[in-house]
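Colleague: Could you take me through one part of this model up close, namely the aromatic residues and what surrounds them? I'd like one connected account rather than a list.

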Amino acid sequence: MALDAPELFGIPLKYVSLVILTIQNSALVLIMRYSRIVSTEQYYTSTAVLLSELTKFWVCLYISSKDSIKENGGRLSIKAVYEDIVGGDSWKMLIPAALYTIQNNLQFVSVSLLDAATFQVSYQLKILTTALCSVALLGTVLSARRWLSLVFLTVGIILVQFPSSAETAGASTSPMLGLFTVFIACVLSGLAGVYFEKVLKGSRKSVWTRNVQLSLFSMVPALFGVFVVDGAGVRQNGFLYGYTKWTYMAIACQALGGLVVAVVVKYADNILKGFATSISIILSCLASVWFFDFHISLTFMAGASLVIYATYMYGSAAASNIPKHSPLPTSSESPHTRNVSDDSDDPTTATGIRMNDLSSSNDEHKLNVKVI
């Protein structure tokens with residue numbers, strides 16, 4: 001079996017990971033939505049984000065430690081792991097960590113204000129914001145086909161916002177406020193992804209070490225949210241106030257998604273990832289009809305179709321990522337990194353669990369992946 005084409009039960013790992021990612025993307029937004037409406041006592045989103053980051057921190061630390069053992073001849077050096085995580089330029093991860101933490105909180109807020117199907121489609125706006133940030137900050141040159149796909153994406157998301165007869169059982173929605181929080185989350189996603197890419201060009205740290213750093217530093221703003229933003233409620237009602245089994249499932253699904261994305265990025269390509277995203281949108285919409293009594297209007301169907309097509313079109317189009325002014329070296333590369341060609345964070349991740357939003361790259365610009 002070739003090293004670059006691993007299999008699981010005789011099936012190429014890239015297809016296994018894509019199937020899992022598709023199911024996870026679809027399930028996450030549905031579980032997050034249901035966890036917010038299943039009880040009259042809503043949990044504090046800041047606590048859920050903190051627990052999610054804690055989960056990803058320990059998982060990534062475990063994998064990073066295993067890599068360290070291999071590099072040190074079967075011996076675990078606690079000092080080496082510690083210095084690798086907190087030493088050097090690790091402080092640069094503070095900015096994307098803060099941005100991602102705010103974004104994750106906004107995802108929970110957004111899914112509370114929008115029905116699952118509308119949220120799933122609207123959150124693909126992160127492709128547009130990441131592309132624009134990449135063009136503005138990195139000097140990325142997008143092909144005409146990708147610009148056209150961004151136009152289709154924008155039109156599709158606008159159509160999805162048109163009022164319809166859709167009703168969400170058990171909870172009211174606030175479309176305008178929900179769309180605003182989605183927009184802010186997507187902007188933060190784009191900024192964090194582009195900053196992350198710019199910092200990591202030339203980085204010699206492994207992808208798992210970078211993810212340990214991001215999860216670790218994300219706990220600082222996450223704790224700020226728990227003790228300051230929701231502090232009064234947490235002190236009065238407790239950290240786990242409003243938690244149900246669906247809350248824990250949403251946290252677990254979010255953490256799992258980030259790990260699956262890392263595998264997908266390593267073994268799959270953009271066309272397959274775009275296809276997986278498109279399928280997850282369809283599944284989420286169909287599941288919303290069944291579980292949340294969502295009624296699909298003609299304008300929603302047209303908008304969702306445009307978004308699905310634009311997502312696939314953007315991932316399959318060729319683009320060049322040649323920075324006009326690159327202040328950081330791009331020649332050095334960690335043996336644990338891999339080329340990533342235009343990976344935006346995934347939804348749905350709903351995000352909640354997603355990889356980092358990376359803008360386009362060519363074979364000469366090697367990037368890392370953020371597990372969110």
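Modeller: Here is a walk through the aromatic pairs, followed by the cores and a few single residues.

A word on ground rules: this is a predicted model, so local features need pLDDT of at least 70 and side-chain atom pairs count only at pLDDT 80 or more, while totals for chains, interfaces and linings use all residues. Residues are numbered from 1 along each chain as its sequence is written, and side-chain values use heavy atoms, with hydrogens and water left out.

First, the setting. The protein comes to 13 helices and 2 strands; these are DSSP runs numbered from the N terminus, with helices being H or I of at least four residues and strands E of at least two. Of its 372 residues, 54% count as buried, where buried means under 20% relative accessible area, exposed over 50%, and partly exposed in between (1.4 Å probe, protein chains only). Take the contacts (heavy atoms within 4.5 Å) with a separation of 6 or more: 85% of them come from residues 24 or more positions apart.

Now the rings. A search of the whole structure turns up 10 aromatic pairs. The rings of Phe, Tyr and Trp (its six-membered ring) pair if their centres lie within 6.5 Å; planes under 30 degrees apart count as stacked, over 60 as edge-to-face, and the rest as tilted. Tyrosine 34 and tryptophan 246 have ring centres 4.9 Å apart and planes at 80 degrees, so they're edge-to-face. That pair links distant parts of the chain, with tyrosine 34 in helix α1 (residues 13-37) and tryptophan 246 in helix α11 (residues 245-267), 212 residues apart. Tyrosine 34 is partly exposed at 32%, and tryptophan 246 is partly exposed too, at 26%.

Phenylalanine 152 and tyrosine 309 make a tilted pair, 6.0 Å centre to centre with 45 degrees between the planes. Phenylalanine 152 sits in helix α7 (residues 144-160) and tyrosine 309 in helix α13 (residues 298-316), so this pair ties together parts 157 residues apart in sequence. Phenylalanine 152 has 25% relative accessibility, which makes it partly exposed; tyrosine 309 is partly exposed at 42%.

Then there's a cluster: ring pairs link Tyr43, Phe108, Tyr243 and Tyr248. Phenylalanine 108 belongs to helix α4 (residues 94-113) and is buried, at 0% relative accessibility. Setting aside neighbours within four places in sequence, phenylalanine 108 is in contact with Met32, Arg36, Tyr43, Thr45, Ala48, Val49 and Gln254. Its C-alpha is 9.9 Å from that of valine 182, and the two are 74 residues apart in sequence.

Arginine 36 shows up again here: its charged end sits over the ring of tyrosine 43, 4.6 Å from the centre. To count, NZ of Lys or CZ of Arg must be within 6 Å of the ring centre and within 35 degrees of the ring normal. Elsewhere, arginine 146 lies over the face of tyrosine 314, 4.6 Å from the ring centre.

What about the cores? In soluble globular proteins, nonpolar side chains tend to be buried together. A nonpolar core here is a set of buried Ala, Val, Leu, Ile, Met, Phe, Trp, Tyr and Cys residues joined through side-chain atoms within 4.5 Å. The largest one has 49 residues, and those with the most contacts inside it are Phe119, Val121, Leu150, Leu153 and Phe300. A second, separate core of 14 residues includes Tyr44, Val81, Met219 and Val234.

Val81 leads us to serine 68, in helix α2 (residues 45-71). Serine 68 is buried at 9% relative accessibility and, not counting residues up to four places away in sequence, touches Arg75 and Val81. Serine 68 and valine 81 are 13 residues apart in sequence and 7.0 Å apart in space, C-alpha to C-alpha.

Two loose ends. The structure holds 0 disulfides (a disulfide being a pair of cysteine sulfur atoms within 2.5 Å). Cysteine 133 is buried at 13%, and cysteine 285 is buried at 7%.

Last, the backbone. Most residues other than glycine have a negative phi. Aspartate 293 isn't a glycine, yet has a positive phi of about 55 degrees. You'll find aspartate 293 in the loop between α12 (270-291) and α13, partly exposed at 40% relative accessibility.
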